Amino acid sequence: MKKELNILAISGSLRNQSSNTLLMHAMIKLATPNLRFEVYDGLSDLPHFNPDLDIEEGPVPVQNWRERLEHSDGVLICTPEYGNGVPGALKNVLDWIVSSGEWLNKPTIVIAASPSPMGGDKAHASLLLTLKMINAQVLQEGCLTIPYITLKMNKEGVIIDSKTQHALQKSLTILEEACNLKG
Ligand code: FNR
């Protein structure tokens, strides 16, 4: 019997009607039952990164974030792009891990979705740079940019484009396999 894997899912958008949050939930539905998802929705609770607060008994939301990351087998990120970059709230969660190291060797996939033709490619590339810097195990083949997301997923969060659905399923398989290899 296959081991159950804990996947921490993070949306980089704080918006109520976020297409990336909808996409994250659509992926959770597409995944096999071996993947048990926990959604991290604490982006707004984290203080802005400040090295002065980056101490053993730091802010409680930071401790909570680090514990949840530590106890996950893998990570799924779905994110928009703002101003050609990573949303500040999402970059902030990564900054809190640079010195503490909970992302070390953790299988991670990043999906950037945008209504634009570029699919959030700059945010995607920038996020991968930071994840590699903190030694996450970035699963490059499982990472995707999705242009024209509003044509590929409806307002109820149903993927209506079969190519996109297959690509997302493949990403999840890659994540599951990498997590299983870790044992
Ligand atoms: C955007 N958007 C955007 N899209 C993009 O592909 N590249 C970009 O640089 C930006 N920049 C940007 C700045 C600001 C201030 C806003 C409000 C929007 C559009 C963005 O992709 C779109 O609003 C998405 O719907 C946001 O993602 P969520 O919230 O739907 O997940």
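Let's start at the ligand: a polar side-chain atom of E81 sits 2.7 Å from one of the ligand's nitrogen atoms. Keep in mind that you're looking at a predicted model. Two serines join in on the oxygen side. The side chain of S114 has an N or O atom 2.7 Å from a ligand oxygen, and for the side chain of S116 the corresponding distance to a ligand oxygen is 3.2 Å. How much of the ligand does the protein cover? On its own the ligand has 620 Å² of accessible area, and the protein covers 64% of it. There are 13 residues around the ligand, and S13, R15, S18, S19 and S114 are the ones that come nearest.

Now move along to T79, which you'll find in strand β3, a stretch covering residues 74-79. Is T79 buried or exposed? Its relative accessibility is just 1%, so T79 counts as buried, the cut-off being under 20%. Leaving out residues up to four places away in sequence, T79 touches G12, N20, P87, L90, I111, A112, A113 and L127.

One of those neighbours, I111, leads us into the protein's interior. I111 is among the residues with the most contacts inside the largest nonpolar core, along with L23, M27, F37, L76, I146 and L168. That core has 28 residues. Where do they come from? Strands β1 (5-11), β2 (35-40), β3, β4 (107-113) and β6 (144-146), plus helices α1 (19-30) and α6 (162-182), each supply at least two of them. Helix α6 gives the largest share, with six residues. There's also another core lying apart from this one; it has 25 residues, including L46, V110, I134 and V138.

Last stop: the cysteines. How many disulfides are there? The count is zero. To count as a disulfide, two cysteine sulfur atoms have to be within 2.5 Å, so let's check a couple of cases. For C78, the nearest cysteine sulfur belongs to C143 and is 11 Å away, so C78 is in no disulfide. C179 tells a similar story: its nearest cysteine sulfur is that of C143 too, at 13 Å, and C179 is in no disulfide. Are these two cysteines buried or exposed? C78 has 0% relative accessibility, so it counts as buried. C179 comes in at 2%, which means that C179 counts as buried as well.

Technical notes:
Residues are numbered from 1 along each chain as its sequence is written. This is a predicted model: local features need pLDDT of at least 70, side-chain atom pairs count only at pLDDT 80 or more; totals for chains, interfaces and linings use all residues. Side-chain values use heavy atoms; hydrogens and water are left out. Buried means under 20% relative accessible area, exposed over 50%, partly exposed in between (1.4 Å probe, protein chains only). Helices (H or I, at least four residues) and strands (E, at least two) are DSSP runs, numbered from the N terminus. Contact means heavy atoms within 4.5 Å. A nonpolar core is a set of buried Ala, Val, Leu, Ile, Met, Phe, Trp, Tyr and Cys residues joined through side-chain atoms within 4.5 Å. A residue is near a molecule or strand if one of its heavy atoms lies within 4 Å of it. A polar contact is a pair of N or O atoms within 3.5 Å; within protein, one must be able to donate a hydrogen and the other to accept it, and residues adjacent in sequence count only if both atoms are side-chain atoms. Accessible areas come from the Shrake-Rupley method with a 1.4 Å probe; for residues, only the protein chains shown count as cover.
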